[in-house]
Amino acid sequence: MKKILLGLGLSVALLAGCGHKKTETNSNAADKKEISNNLPIIDNAKQQEVITRTLVFPKDERGNQQSQTVTYQGEHFKRLVIERLTETDDEMKEAIKQMGLEEAQKSLNESLEQDADYVQARGLQGFSGSVTILNENELKMTSNYDFESLDIEKAAAMPYFQNLKLKEMIKLTPEEYINNLLMNGAEEQK
């Protein structure tokens, strides 16, 4: 009888031990399930986050410098701003000396409005551009692309946008695009 009671006691102890372990396993499984359920929320939050990164290229041999500010959400471009600082040519320097900075800027704007490709591009929804005389020696050209309203097909067909290759650009994710800029000598501005 003692052997039966001892056997039952050991069986109960073993079952209780197994039951406790099982509870731990279920607890760990519940924790893992909770963590894995939260991962889609974290991933979703990352996909919803709007990120802006600015990349600057070193000056080239002519003293020109370009920066690109890329704004994106998940794998979708939202906006691209390209700024290019370039030296003024001798003709522009002379015009600034003769007319002053303000009048030279007006004259430059008038000449841009006579460029059919530039006027056509500026008429496209989702794009804006400007050329600003910063000083006697420097111009700043700015191009803004709002990918939420820009008709890529229409833009790609316009002569003004031929060098940008918009169709190829949007085939890349923003991260791939940024990595390409970094591999080509750009440095990220923090």
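Here's a quick tour of this protein chain, from its overall layout down to single side chains. Keep in mind that you're looking at a predicted model. The chain has 190 residues, and 28% of them count as buried. Its secondary structure comes to seven helices and six strands.

**The overall layout**

- If you read along the sequence, the helices and strands come in the order α-β-β-β-α-α-α-β-β-α-α-α-β.
- Take the contacts in the chain with a separation of 6 or more: 53% of them are between residues 24 or more positions apart.
- The accessible surface adds up to about 13,200 Å², and carbon and sulfur atoms own 52% of it.

**The nonpolar cores**

- In soluble globular proteins, nonpolar side chains tend to be buried together.
- The largest nonpolar core here has 23 residues, and Val70, Leu80, Tyr145, Phe147, Leu150 and Phe161 are the ones with the most contacts inside it.
- At least two residues of this core come from each of β2, β3 (76-87), α5 (152-156), α6 (166-171) and α7 (174-183).
- There's also a second, separate core of nine residues, with Met92, Leu112, Tyr118 and Ile133 among them.

**Ser67, a buried residue in a strand**

- You'll find Ser67 in strand β2, which covers residues 65-73.
- Is Ser67 buried or exposed? Its relative accessible area is 15%, and buried means under 20%, so Ser67 counts as buried.
- Leaving aside neighbours within four places in sequence, Ser67 is in contact with Leu55, Val56, Val81, Ile82 and Glu83.

**Tyr145 and the aromatic rings**

- The structure holds eight aromatic pairs.
- One to look at is Tyr145 with Phe161: the ring centres are 6.0 Å apart and the planes sit at 65°, so this pair is edge-to-face.
- Tyr145 is in strand β5 (residues 138-146) and Phe161 is in the loop between α5 and α6, so the pair links distant parts of the chain, 16 residues apart.
- Both partners are tucked away: Tyr145 is buried with a relative accessible area of 5%, and Phe161 is buried too, at 3%.
- Not counting residues up to four places away in sequence, Tyr145 touches Lys78, Arg79, Leu80, Ile82, Gly126, Phe127, Leu150, Phe161 and Leu164.
- Which residues do ring pairs link into a cluster? They are Tyr118, Phe127, Tyr145, Tyr160 and Phe161.

**Salt bridges**

- Side chains of opposite charge can pair when their charged atoms come close.
- How many salt bridges does the structure hold? There are seven.
- In one of them, the side chains of Lys140 and Glu83 meet at 3.9 Å, N to O.
- Lys140 lies in strand β5 and Glu83 in strand β3, so this bridge ties together parts that are 57 residues apart in sequence.
- Lys140 counts as partly exposed, at 24% relative accessibility, and Glu83 is partly exposed as well, at 28%.
- Another bridge joins Lys167 to Glu153, with the closest N and O atoms 3.1 Å apart.
- This pair links helix α6, home of Lys167, with helix α5, home of Glu153, and the two residues are 14 residues apart.
- Lys167 is partly exposed, with a relative accessible area of 36%.
- Lys106 and Glu103 also form a salt bridge, with their closest N and O atoms 3.6 Å apart.
- Lys106 and Glu103 are both in helix α3 (residues 101-112), and because they are three residues apart, about one helical turn separates them.
- Both ends are partly exposed: Lys106 is at 43% relative accessibility and Glu103 is at 38%.
- Arg53, Glu175 and Glu188 are linked in a network of salt bridges.

**Helix α2, a helix with two sides**

- Met92, Ala95 and Ile96 are the buried residues to look for in helix α2 (residues 90-99).
- Why do we say these residues line one face of the helix? Seen down the axis of α2, the buried residues fall within an arc of 100°, so they line one face.
- An α-helix has 3.6 residues a turn, so residues three or four places apart point the same way.
- What covers the buried residues of α2 includes α3 and β4 (127-135).
- On the other side of α2, Asp90, Glu91, Lys97 and Gln98 are exposed.
- After α2 comes Gly100, with a positive phi near 95°.

Methods. Residues numbered from 1 in each chain as written. Predicted model: local features only at pLDDT ≥ 70, side-chain atom pairs only at ≥ 80, totals over all residues. Heavy atoms only, no water. Helix = DSSP H or I, 4+ residues; strand = E, 2+ residues; numbered from the N terminus. Buried < 20%, exposed > 50% of the residue type's maximum accessible area, 1.4 Å probe, protein only. Contact = heavy atoms within 4.5 Å. Core = buried A, V, L, I, M, F, W, Y, C linked by side-chain atoms within 4.5 Å. Phe/Tyr/Trp six-rings, centres within 6.5 Å; stacked < 30°, edge-to-face > 60°. Salt bridge = Lys/Arg side-chain N within 4 Å of Asp/Glu carboxyl O. Areas by Shrake-Rupley, 256 points an atom, 1.4 Å probe, with all protein chains shown as cover. Arc of directions from axis to C-beta.
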